[in-house]
Amino acid sequence: MAGYDVIVIGLGGMGSAAAAHLAARGQRVLGLERFGPAHDRGSSHGGSRITRQSYFEDPAYVPLLLRAYELWDQLAADSGIDVLTRTGGIFFGPPGSVTVAGSLRASREWGLPHEVLDAAEIRRRFPTLTPGPDEIGLHETAAGFARPERTVAAHLELAGRRGAELRCFEPVVDWTTTADGGVRVRSVAGEYTAGRLVVCPGAWAPVLLADLGLPCVVERQVMYWFQPTGGVGPYAPDRHPVYIHEAADGTQVYGFPALDGPDGGAKVAFFRRGTRCTPETLDRQVGAEEVAVIAEHLAGVLPTLPGRFLTAATCMYTTTPDHHFVIAVHPGAPQVSVACGFSGHGFKFVPVVGEILADLATEGATAHPIDLFDPRRPALEATV
Ligand SMILES: Cc1cc2nc3c(=O)[nH]c(=O)nc-3n(C[C@H](O)[C@H](O)[C@H](O)COP(=O)(O)OP(=O)(O)OC[C@H]3O[C@@H](n4cnc5c(N)ncnc54)[C@H](O)[C@@H]3O)c2cc1C
């Protein structure tokens, strides 16, 4: 008989949530993680992640977000950990930009509460922002930020409390299916068998899910923290929203209030302006010229933000050609479920992805709409 009901490979954002949901359903869970709990070597660190519902990427994500918000609140209640804060969010730029037009489309399609603000109103309500005269914005009160390290820690804590066995610093070397319809997983420390497998490898997807042949690109992304000119007062989380601005050339920059007091500064980053890497070749050093580029860009959008540069950190996106996720039962192995390719926008979905993976592992299917995330969709056909 298999040793465990389910093995979860990778206990980052998605895997820790899957482990918690599976353990809550009474499954005997083994979780295996290459690094420590809530580490900074993958994609789920850096203190903050934007959450929002008016989803410009595609309105098809909205039902998942509505469920995610319920589960975020449940996670906070069950763990006693403050994982998500609603600050409101403003998504602004030219009226026809993806950020504005796409957010509006999702909001209207799903009847989400929102307001459309012209440039003068944006400046009046949010004085740190300086949109161009023809820019407009969508304001959404449900938006805010999640705390990635606390979220992973909360899910691991709940998984452990519910009986999951969690082994950190134990990289998986490979996995195979077995003749009896189960799985065998080999780590640096031993070999384990189970009835089902859930693979959540983040930037290691090209290695652990090589058999799927997904055209995922791993990218180095940089997060910057600045001490605003005049201090963090106007950037306090009870006054300042999360924001995304899209420039006329399509460049998107996003940021947060000052979350960790006067010394922590406020975090800001470019969305999807990365350079190709692997987890092994990722350059963690951030050059002065990179800081200068974002500071110059911010001068036109939030001129007081780049007062004094504090620090920067790198993180990885694992990006699919159409920027949609991969979440499915493995096409070649019904006892294996996979979640990867989150393309730089997965964190706000963490709790609902955990629920979906628990559905797939225990039932072989989910009632959540995940057709968009099929690994066999045409957009993922390997392009030579
Ligand atoms: C700079 C940056 C900003 C972002 N901003 C946002 C945002 O504002 N909003 C948003 O929604 N999303 C955002 N994202 C995206 C989001 O953070 C990711 O989509 C999400 O964290 C991915 O989670 P994951 O579980 O797939 O990856 P990870 O959290 O990296 O987890 C994968 C885990 O697998 C482990 N692993 C890999 N190989 C093995 C092995 N062989 N054996 C055992 N364990 C293994 C790794 O160590 C890791 O812990 C951002 C990402 C970055 C990098």
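Begin by selecting His323, which in this predicted model is partly exposed, with a relative accessible area of 29%. That value places His323 in the intermediate class because buried is reserved for residues under 20% and exposed for those over 50%. His323 lies in the loop that joins strand S18 (308-319) to strand S19 (326-329), and although His323 is not a glycine, its phi is positive, at about 65 degrees.

Now move to a second residue with a backbone of this kind, Phe169, where phi is again positive, at about 50 degrees, in a residue that is not a glycine. To find Phe169, display the loop between strand S9 (165-167) and strand S10 (172-177). Is Phe169 buried or exposed? With a relative accessible area of 60%, Phe169 is exposed, since the cut-off for that class is over 50%.

From there, select Ser187, which belongs to strand S11 (residues 183-187). Ser187 is buried, its relative accessible area being 6%. Show side chains here, and look for the polar contact of 2.6 Å between the side chain of Ser187 and the side chain of Glu170. If residues up to four places away in sequence are set aside, Ser187 touches Glu170, Pro171, Val172, Val173 and Tyr192.

The next stop is Lys267, in strand S16 (residues 266-271). Lys267 counts as buried, at 3% relative accessibility, so a surface display may need to be hidden before this residue can be inspected. Which backbone oxygen lies 3.2 Å from a polar atom of the Lys267 side chain? The backbone oxygen in question is that of Gly46. Gly46 is also among the residues that Lys267 touches, beyond those up to four places away in sequence, and the list further includes Ser48, Arg49, Met223, Tyr224, Tyr243, Tyr254, Gly255, Phe256 and Pro257. Trp225 is in that list as well, and a distance drawn from C-alpha to C-alpha between Lys267 and Trp225 should read 4.4 Å, although 42 residues separate them in sequence.

Continue to Val352, which is placed in helix H9 (residues 350-363) and counts as buried, at 1% relative accessibility. Apart from residues up to four places away in sequence, Val352 touches Leu64, Arg67, Ala68, Leu71 and His368. For a longer view across the model, add His114 to the selection: Val352 and His114 are 238 residues apart in sequence, and their C-alpha atoms are 23 Å apart in space.

Finally, colour the protein by domain, taking domain 1 as 4-45 + 149-212 + 322-380 and domain 2 as 88-146 + 217-319. The C-alpha centres of domain 1 and domain 2 lie 30 Å apart. Where the domains meet, 16 residues of domain 1 are in contact with 14 residues of domain 2, and the area buried between them is about 1300 Å², with carbon and sulfur atoms giving 55% of it. On the side of domain 1 that touches domain 2, the residues divide by class into 5 nonpolar, 9 polar and 2 charged.

What links between the domains can be looked for here? There are 8 residue pairs in polar contact between domain 1 and domain 2, counting pairs in which both residues are at pLDDT 80 or more, whereas the count of salt bridges between domain 1 and domain 2 is 0.

Methods
Residues numbered from 1 in each chain as written. Predicted model: local features only at pLDDT ≥ 70, side-chain atom pairs only at ≥ 80, totals over all residues. Heavy atoms only, no water. Domains from an automatic or database assignment. Contact = heavy atoms within 4.5 Å. Buried area = accessible area lost by both parts, 1.4 Å probe. Salt bridge = Lys/Arg side-chain N within 4 Å of Asp/Glu carboxyl O. Polar contact = N/O pair within 3.5 Å; in protein donor to acceptor, adjacent residues only side chain to side chain. Nonpolar A, V, L, I, M, F, W, Y, C, P; charged D, E, K, R; others polar. Helix = DSSP H or I, 4+ residues; strand = E, 2+ residues; numbered from the N terminus. Buried < 20%, exposed > 50% of the residue type's maximum accessible area, 1.4 Å probe, protein only.
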